[in-house]
Amino acid sequence: MLSRRRLLLSGLALGLSGRAVFAQTYGNEADPFGGMEAGADTGGELFNPDLLPPAESPIDFPVPVIPDRRIKKQFRRQMVEFDGPEEPGTLVVDPDNRFLYHVLAYGSAMRYGVGVGRAGFAWTGNAQIGMKRRWPRWVPPREMVERDPRAREWVNGQPGGPDNPLGARALYLYAGGQDTMYRIHGTNQPESIGKAMSSGCIRMLNQDIAELFDQVIVGTPVTVRPSRGT
């Protein structure tokens with residue numbers, strides 16, 4: 001089993017489809033949702049990579065716990081039967097049904113409710129967790145900066161913390177050594193769990209992504225199921 005797992009982690013077959021999603025890279029990091037090109041004009045403000053905040057907050061804030069009563073029953077964290085072919089340890093994202101499965105054994109998985117943004121419907125295939133971050137920074141995409149004065153405030157990046165849209169933790173998916181621009185991350189909007197949102201990839205409750213973050217390692221295989229884009 002271990003040798004097979006190592007084989008999967010070192011030579012995971014990649015299957016990419018759907019719309020390509022691109023981002024500007026800073027210091028070998030592709031920032032969430034696209035980032036800003038250095039020197040791009042954004043309503044009179046210029047992105048300056050020298051002003052980017054730390055990739056992770058130096059403060060490990062307490063993770064807020066959302067009471068179960070605020071989340072629909074089907075989207076609460078729960079152990080379920082799982083009949084997929086994925087091996088134990090794999091993460092499986094089902095964007096249409098708003099679920100993320102952590103396969104714990106053949107036939108069973110921990111299921112989490114998620115919220116899905118446009119980017120969450122834009123990519124499908126097999127990947128690996130290529131990077132993990134606690135309280136990660138966020139750099140808004142150009143189109144968001146142009147239309148939203150609140151995003152324009154963070155043209156040079158918002159530090160990680162409780163008010164950051166990436167929430168308490170983020171898992172960055174890579175395929176073939178390349179950043180897919182697909183993220184599994186926390187949210188400061190728990191009401192978005194189980195819904196399709198206007199932006200972002202896969203949102204989880206902060207308490208759920210914090211638990212998952214501690215259970216998975218860089219190299220963990222991830223399968224994102226095809227979506228009808230609903």
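# Notebook: salt bridges, a sheet and a helix

**Entry 1: a charged pair.** I started with Arg134 and Asp214, whose side chains meet in a salt bridge, 3.6 Å from N to O. Arg134 belongs to strand 10 and Asp214 to helix 4, so this pair ties together parts that are 80 residues apart in sequence. I then looked up how covered each partner is. Arg134 is partly exposed, with a relative accessible area of 33%, and Asp214 is exposed, at 55%. A note to self: this is a predicted model, so everything I jot down here is about a prediction.

**Entry 2: the overall picture.** I stepped back to see what I was dealing with. The protein has four helices and 14 strands. Of its 230 residues, 52% are buried. The accessible surface comes to about 11,100 Å², and carbon and sulfur atoms own 51% of that. I also checked the contacts with a separation of 6 or more: 70% of them are between residues 24 or more positions apart.

**Entry 3: the sheet.** How many strands form the open sheet, and in what order? I traced ten, running 5-8-7-6-14-10-11-12-13-9, with mixed pairing. At the edges I found strand 5 (78–81) and strand 9 (115–116), each of which pairs on one side only.

Next I followed strand 14 and its neighbours. Strand 14 (residues 221–224) pairs with strand 10 (residues 125–134) in the antiparallel sense, over four bridges. Asn126 has Thr223 of strand 14 as its bridge partner. Strand 6 also pairs with strand 14, but these two run parallel and are joined by three bridges. Here I found Leu91 standing opposite Val222 of strand 14.

Which way do the residues of strand 14 point? Pro221 and Thr223 go one way, Val222 and Val224 go the other way, and all are buried.

**Entry 4: helix 4.** I came back to the helix that holds Asp214. Helix 4 (residues 206–215) packs on the sheet, and its direction makes about 55° with that of strand 11. The strands it touches include strand 6 (91–94), strand 7 (99–105) and strand 8 (108–113). I also noted strand 10, strand 11 (169–175) and strand 12 (178–185) among the ones it touches.

Why is helix 4 said to be largely enclosed by the rest of the structure? Seven of its ten residues are buried, so that is how I read it. I wrote down the buried ones: Asn206, Gln207, Asp208, Ile209, Ala210, Leu212 and Phe213. Their cover includes strands 6, 7, 8, 10, 11 and 12. Asp208 turned up again later, in a network of salt bridges with Arg77 and Glu211.

**Entry 5: more salt bridges.** How many salt bridges are there by the usual rule? I got a count of eight. It helped to remember that side chains of opposite charge can pair when their charged atoms come close.

I picked out Arg169 and Asp60, whose side chains meet at 3.9 Å, N to O. This pair links distant parts of the chain: Arg169 sits in strand 11, and Asp60 in the loop between strand 4 (45–46) and strand 5, 109 residues apart. Is Arg169 buried or exposed? At 5% relative accessibility, Arg169 counts as buried.

Then I looked at Arg228 and Asp96, which form a salt bridge with their closest N and O atoms 3.5 Å apart. They too link distant parts of the chain, 132 residues apart. Arg228 is in the segment after strand 14, and Asp96 is in the loop between strand 6 and strand 7. The cover on the two partners caught my eye: Arg228 is exposed, with a relative accessible area of 66%, whereas Asp96 is buried, at 11%.

**Entry 6: one last arginine.** I finished with Arg137, found in the loop between strand 10 and helix 2 (142–147). Buried or exposed? Arg137 is buried, with a relative accessible area of 8%, which is under the 20% cut-off. What lies 2.7 Å from a polar atom of the Arg137 side chain? I found the backbone oxygen of Pro53 there.

Definitions and conventions
Residues numbered from 1 in each chain as written. Heavy atoms only, no water. Pairing = 2+ DSSP bridges. Contact = heavy atoms within 4.5 Å. Axes fitted to C-alpha atoms, helices over the stretch in contact; angles between N-to-C directions. Buried < 20%, exposed > 50% of the residue type's maximum accessible area, 1.4 Å probe, protein only. Polar contact = N/O pair within 3.5 Å; in protein donor to acceptor, adjacent residues only side chain to side chain. Areas by Shrake-Rupley, 256 points an atom, 1.4 Å probe, with all protein chains shown as cover. Salt bridge = Lys/Arg side-chain N within 4 Å of Asp/Glu carboxyl O.
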